[in-house]
Amino acid sequence: RPARTRLGWAMAVYFGAQSLSGYAIMGWLAQLFRDAGYSAEAAGLLLAGVTALGVPVALVMPTLAGRLRTLRPLVLALTAFSTAAYLGLAVAPHGPAPFWVLLLAVGQGAFPLILTAIGLRARTAEGTVALSAFAQSTGYVIAALGPLLVGILYEATGGWTAPLGFLLGALAVQTAAGMVIARPRHIEDER
């Protein structure tokens, strides 16, 4: 029963915060680039770059996670990439935009990491199913708020500082949950 464990909730929060950011990026990044002066076509290509550049990261992440005793280095590295991207987008969204896209793509490696971690944090098939069902169902409820809250903040403030600040706050929550899931242990061992 993952809902009765610290690990289960940490997995759900990490999954939710990461997905919240991912949905917000997919929903609003092109508008951010449009507001920074890019054409609609260029803004769309920059958004597509996040997905395209993220594919190799997604392919490598399960292998990296499976080889490490603790997931802490991956959690912290992905946080660093996302933090740098959000700060860069807040300060200078136009000129180095392809670099921010690259950083975002690497930072979004948190999604394949959490999917891999679900399998790593369960000893049995039943444990994996229970943990996956709880983390994803609860996480997607959290994630659904991302695009909505970013849109509300953007509309209320007329700019990107508050929305990017919100995403940095979500990243802080994600990182705290990530530190809990980083330690090697299994859902079946928690009561």
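**View 1. Alanine 3 and its contacts.** Looking past the neighbours within four places in sequence, alanine 3 is in contact with Trp9 and Phe134. This is a predicted model, so read the views that follow with that in mind. Alanine 3 belongs to the segment before H1. Is this residue buried, exposed or partly exposed? Alanine 3 counts as partly exposed because its relative accessible area is 40%, and that class lies between the 20% and 50% cut-offs. There's also a long-range pairing to look for here: alanine 3 and threonine 138 are 135 residues apart along the chain, yet 9.5 Å separates their C-alpha atoms.

**View 2. The whole chain, for orientation.** Step back for a moment and you'll find eight helices and zero strands. Read from the N terminus on, the elements go α-α-α-α-α-α-α-α. Along the principal axes, the C-alpha atoms fill a box of roughly 55 × 30 × 20 Å. The radius of gyration is 17 Å, which agrees with the value near 16 Å that a compact globule of 191 residues would have. Of those 191 residues, 47% count as buried. As for contacts with a separation of 6 or more, 79% of them come from residues 24 or more positions apart.

**View 3. The largest nonpolar core.** Zooming in again, here is a core of 27 residues, the largest nonpolar one. Which residues have the most contacts inside it? They are Met11, Tyr14, Leu71, Leu78, Leu113, Ile114 and Ile181. Helices H1 (6-35), H2 (40-67), H3 (72-91), H5 (110-120), H6 (125-143) and H8 (161-182) each give two or more residues to this core. Apart from this core lies another one, made of 26 residues, including Phe33, Ala85, Leu104 and Val150.

**View 4. Leucine 71 up close.** Now pick out a single member of the largest core: Leu71 is one of the residues with the most contacts inside it. What does leucine 71 touch, if residues up to four places away in sequence are not counted? Its partners are Ala65, Leu113, Ala117, Leu120, Arg121, Ile181 and Ala182. Two of these names, Leu113 and Ile181, also turn up in the list of residues with the most contacts inside the core.

**View 5. The largest pocket.** This view turns to open space: the largest pocket holds about 320 Å³. Its lining is made of 16 residues, and Gln18, Gly22, Met26, Gln108 and Phe111 lie nearest the centre. H1, H2 and H5 are the elements that give two or more residues to the lining of this pocket. And what sort of residues are they? By class, the lining of the largest pocket has nine nonpolar, seven polar and no charged residues.

**View 6. The cavity.** How many cavities of 30 Å³ or more does a search of the whole structure find? The search finds one. The largest cavity holds about 70 Å³ of space. Around it sit Ala24, Ile25, Trp28, Leu29, Leu32, Tyr86, Leu89, Val150, Trp160, Leu164 and Leu167. At least two lining residues come from each of H1, H3 and H8, and H1 gives the most, with five. Sorted by class, the lining of the largest cavity has 11 nonpolar residues, with no polar and no charged ones. One name may look familiar: Val150 lines this cavity and is also among the residues of the 26-residue core.

Technical notes. Residues are numbered from 1 along each chain as its sequence is written. This is a predicted model: local features need pLDDT of at least 70, side-chain atom pairs count only at pLDDT 80 or more; totals for chains, interfaces and linings use all residues. Side-chain values use heavy atoms; hydrogens and water are left out. A nonpolar core is a set of buried Ala, Val, Leu, Ile, Met, Phe, Trp, Tyr and Cys residues joined through side-chain atoms within 4.5 Å. Buried means under 20% relative accessible area, exposed over 50%, partly exposed in between (1.4 Å probe, protein chains only). Helices (H or I, at least four residues) and strands (E, at least two) are DSSP runs, numbered from the N terminus. Contact means heavy atoms within 4.5 Å. On a 1 Å grid over the protein atoms alone, a cavity is a set of points where a 1.4 Å probe fits but cannot get out, and a pocket is an open set with protein on both sides within 12 Å along at least five of seven lines; lining residues have an atom within 4 Å of a point. Grid points are joined across faces, edges and corners, and a volume is the space filled by probe spheres set on the points. Ala, Val, Leu, Ile, Met, Phe, Trp, Tyr, Cys and Pro count as nonpolar, Asp, Glu, Lys and Arg as charged, and the others, Gly among them, as polar. The radius of gyration is taken over C-alpha atoms; the globule rule is 2.2 Å times the number of residues to the power 0.38.
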